[in-house]
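Subject: Structure handover

Hello,

Here is the structure I promised to pass on. Please open it first, then read my notes below.

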Amino acid sequence: MLSAIAVRRAAQAALQSSQPSSSKQPSPPPTPSAPSPDPCSESKRPKLPSKRKSSSVNGKSSRNNKKAKILPGRVPATARYFESKNTVEEGEDVIMLGSSSDSEPDVQAKLALDSSDDSEAEEIQNPLVSIELPLYPQPSTSEPSQLSTFRPTRDLNVYELSADEASAMGLQNEISVLSIDREETLALLGAYALTVLKGSISILGVTLSASKVAHHVFVPRSAPVPILRCASLDAHADLNIYTLPPRVRSIHGGAVVAIQSLDTGVEGLGRVCRVFDGVFEPSRWLRSSAEVIRPGVSLVRVLFLNVCKSIICPVIQVTHSTRDVLPFVMPESWSIALSAAETPPSSADPIPLSVYVVKGPKKSGKSTFARTLLNRLLAKFQRVAYLECDVGQSEFTPGGLVALNVIDNPVFGPPFTHPSLPYRAHYVGATSPRCSPAHYLAAVQALLETFKLEVQTSLPHDESIDTRVTDITPLVVNTMGWTKGLGADLNAKIEELAEPTHVFEIIGTEEKGWPTASPLYDTLYNQSAPSKAFQYTLEAISPNLTNTHFNAVDQRNLNILSYFHSILPSITSASFPSAPIRQMTATKWETSHPLCTRYPYEVDWSQAFDQVILIGAGYEDVIPSEVSNVLNGAIVGLVECEPGTEDPVYLGSSGARELPYAQARHPPTPSTSTCHGLALIRAISPSSPYMHILTPVPPAILARCRVIVKGELELPIWGMLDFTDANEGVAGVEKGRVPYLQWGKSEGLGGERRRVRRNLMRKAQM
């Protein structure tokens, strides 16, 4: 039989002999044409490319480079071969993939073959294939190279105020006052308190006017860096709220802000989770070349300027973007949709009850848009409810919780910088509702009913002077990024239960870069939808503007560790049942000691807990005699149930000390229970009914939790280590003798990671 190369060469010779001899213009390197549809050659062709390697630019083959590099706005249709130069001489079974536009350079596309696809006859005849993308909202690729045009100059636009001068203005400690002109931009790195003294500024899509409120801003390198700009001044922004010193009072135009470094301990989370070590500071290779150019101002390769005196957590100015410092860029469709959502429709009710649903695939900026929408609504409403349905990447709580939070202050920072106590929550116990979709939907439905009955039209408890709306609380629903198969059905059911007035859908891209569905992008919103809600179609955040140094697992681990190291506001037992609806967010972190050396709560489980419930795949097989081993070192949910709603657990008459556990029990009913937070069971005594528990939940709330629920959520490995031990031991125990920890390859039965096989076909496989 003829080889594939011989067949290709014969086909090319036949093609060249049929061309007119008068065409003498220079042509690109010869490209083998596809042979005639012969049954023998057609049956062999799909197998040939698997034996060949793609050619690189220098003519050498590469096994690792198998991903496609495709121009934005171009989609290859049924690409079956690799692009190469001099394919006949090199003996490669390839085909050229080009562009129909002469102004665009050809792109080398290395696409793996798919022998299951049948090629069309017209695709075989033309070696240059070019197909335009449909009009999908493509991710924005605009990335400003210069983030800060602000040039700090002492006593000109930067003023260092002493403690006495700050006290005369009603501020505390030493502060730095910055004057930002209308055309200037400022990007800072670190944790700082931002107070607008004069004018107004915009940050993360929100406009802040002069007020007495000091906004806490957390800007690590793992998140997009917000850019401060001087916003347009309105008639109410010229009020002199602060009495500025004479040397600062002479500033005309622009905005005046006060920057003060925060001593919260959040930067210590980098010691706990070493992946985020030094994330609030410049990169290690840039930090080593720092040079002090004036007192309090340092220069790092013309990229970072220290604008605030602080040794604990300095505030650094970012002048240019780098590979690990990327700006926050709001797409144009986001700005239009947010402005349209803020404008209430013409109705007899001047302030309608609004429910905003945000949906979209993962890595599309869905959570970022939901946070931006929350901050925009807080400029009009005194409180905004936030329903978190994404159990894998939660905003205010650690993973595994479906939570309803009531927020009264804007949040400027990634999720690990504002862990909070939820108003109501239910513990799913996993980062995905795949194993318990019914319980997940019941939890969401119970939280929506709680919002409608207790939060939506609640009366304010304070009499402070506030021009914002106080008697109505809107709701923002953040759905999960699982938008296929069962995840799509769950999101559709949540949207049906929420009865939204506004739906924001982000049309993201799949992992291979192709659009997921065909959206209606003719208009910004479509009021004729079946749900009678305003429909907004948004573009996704560009992958070029997301930090790839930290993946979703790292962010989830940091959220859990930040929660257990946080210090939440205290509350008394007398005021807890009748406490007003307010936000309870951590403002301090205790990161000087690891979890293994902190003082725990000693709890008598025979008196404190009524039930121990295990949920998740495989936990129904745990027998009562082994439940103490399962709970040792586990993360559990602290659940409060209404009296008489849960069946008691009847223990055996053997007289042995047994935890109140029964096999295969269902989780608590969401309509009659709530989860106040998570706890880490650090140890269980084998000879007494005592266990050691670590939790940031205040004792007044902890005493009301009579049920603990163990799910699939586990403590990250960083939480088990002792970062204060120089010998890499744990709590004085040498490295090789630490229980439950093993360095190196796992050995023994059950040492490998457990894999769950799910023989359910997806819709695309049917």
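A residue counts as buried when its relative accessible area is under 20%. Keep that cut-off in mind for what follows. Also keep in mind that this is a predicted model.

**A ring pair to start with**

Take Phe280. Its relative accessible area is 4%, so Phe280 is buried. Phe416 has a relative accessible area of 2% and is buried.

There are 10 aromatic pairs by the ring rule. In one of them, the ring centres of Phe280 and Phe416 are 6.3 Å apart and the planes stand at 65°, so this pair is edge-to-face. The two residues come from distant parts of the chain, 136 residues apart. Phe280 sits in the loop between helix 7 and helix 8 (284–287). Phe416 sits in the loop between strand 15 and strand 16.

Now a stacked pair: Phe504 and Tyr536. The distance is 4.7 Å centre to centre, with 15° between the planes. Phe504 belongs to strand 18 and Tyr536 to strand 19, so the pair ties together parts that are 32 residues apart in sequence. Phe504 has 0% relative accessibility and counts as buried. Tyr536 is buried too, with a relative accessible area of 2%.

Which residues do ring pairs link into a cluster with Phe504 and Tyr536? They are Trp334, Tyr356 and Phe369.

**The seven-stranded sheet**

Strands 18 and 19 take us to an open sheet of seven strands. The order is 16-15-14-17-13-18-19, and the pairing is mixed. Strand 16 (424–427) and strand 19 (534–539) are the edges. Each has a single partner strand, so one side of each is left without a neighbour in the sheet. From one strand to the next, the twist averages 15°.

Look inside the sheet at strand 13 (residues 355–359) and strand 18 (residues 502–507). These two run parallel and are joined by four bridges. Within that pairing, Val357 stands opposite Val503 of strand 18.

Two helices pack on this sheet:

- Helix 11 (residues 437–455) touches strand 14 (384–388), strand 15 (401–407), strand 16 and strand 17 (475–478). The direction of helix 11 makes about 20° with that of strand 15.
- Helix 12 (residues 486–498) touches strand 13, strand 17, strand 18 and strand 19. The direction of helix 12 makes about 170° with that of strand 13.

**The six-stranded sheet**

There is also an open sheet of six strands, again with mixed pairing. Its order is 22-26-25-24-27-23. Strand 22 (601–604) and strand 23 (611–614) are the edge strands, and each pairs on one side only. On average, neighbouring strands here are turned by 40° against each other, direction ignored.

Strand 23 pairs with strand 27 (residues 707–710) in the parallel sense, over four bridges. One bridge to find on screen: Gln611 has Val707 of strand 27 as its partner.

**Helix 13**

Helix 13 (residues 552–565) lies across strand 24 (635–641), strand 25 (673–684) and strand 26 (690–694). It runs at about 85° to strand 25.

Does its length fit its residue count, or what span should we expect for helix 13? At 1.5 Å a residue, its 14 residues should span 20 Å. The end C-alpha atoms are 20 Å apart, which agrees.

How many residues of helix 13 are buried? The count is 12 of 14, so the helix is mostly covered. Among them are Leu558, Ile560, Leu561, Tyr563 and Phe564. The buried residues pack against strands 24, 25 and 26. They also pack against helix 7 (269–272), strand 20 (566–567) and strand 21 (588–589).

At the start of helix 13, look at Asn551. One of its side-chain oxygens reaches to within 3.3 Å of the backbone nitrogen of Val553.

**From helix 13 to helix 7**

Val272 lies in helix 7. Its relative accessible area is 4%, so Val272 is buried. Val272 and His565 are 293 residues apart along the chain, yet their C-alpha atoms are separated by 9.3 Å. Leaving aside neighbours within four places in sequence, Val272 is in contact with Leu561, His565, Trp718 and Phe723.

Best wishes

How values were computed:
Residues numbered from 1 in each chain as written. Predicted model: local features only at pLDDT ≥ 70, side-chain atom pairs only at ≥ 80, totals over all residues. Heavy atoms only, no water. Pairing = 2+ DSSP bridges. Axes fitted to C-alpha atoms, helices over the stretch in contact; angles between N-to-C directions. Contact = heavy atoms within 4.5 Å. Expected span 1.5 Å × (residues − 1). Buried < 20%, exposed > 50% of the residue type's maximum accessible area, 1.4 Å probe, protein only. Polar contact = N/O pair within 3.5 Å; in protein donor to acceptor, adjacent residues only side chain to side chain. Phe/Tyr/Trp six-rings, centres within 6.5 Å; stacked < 30°, edge-to-face > 60°.
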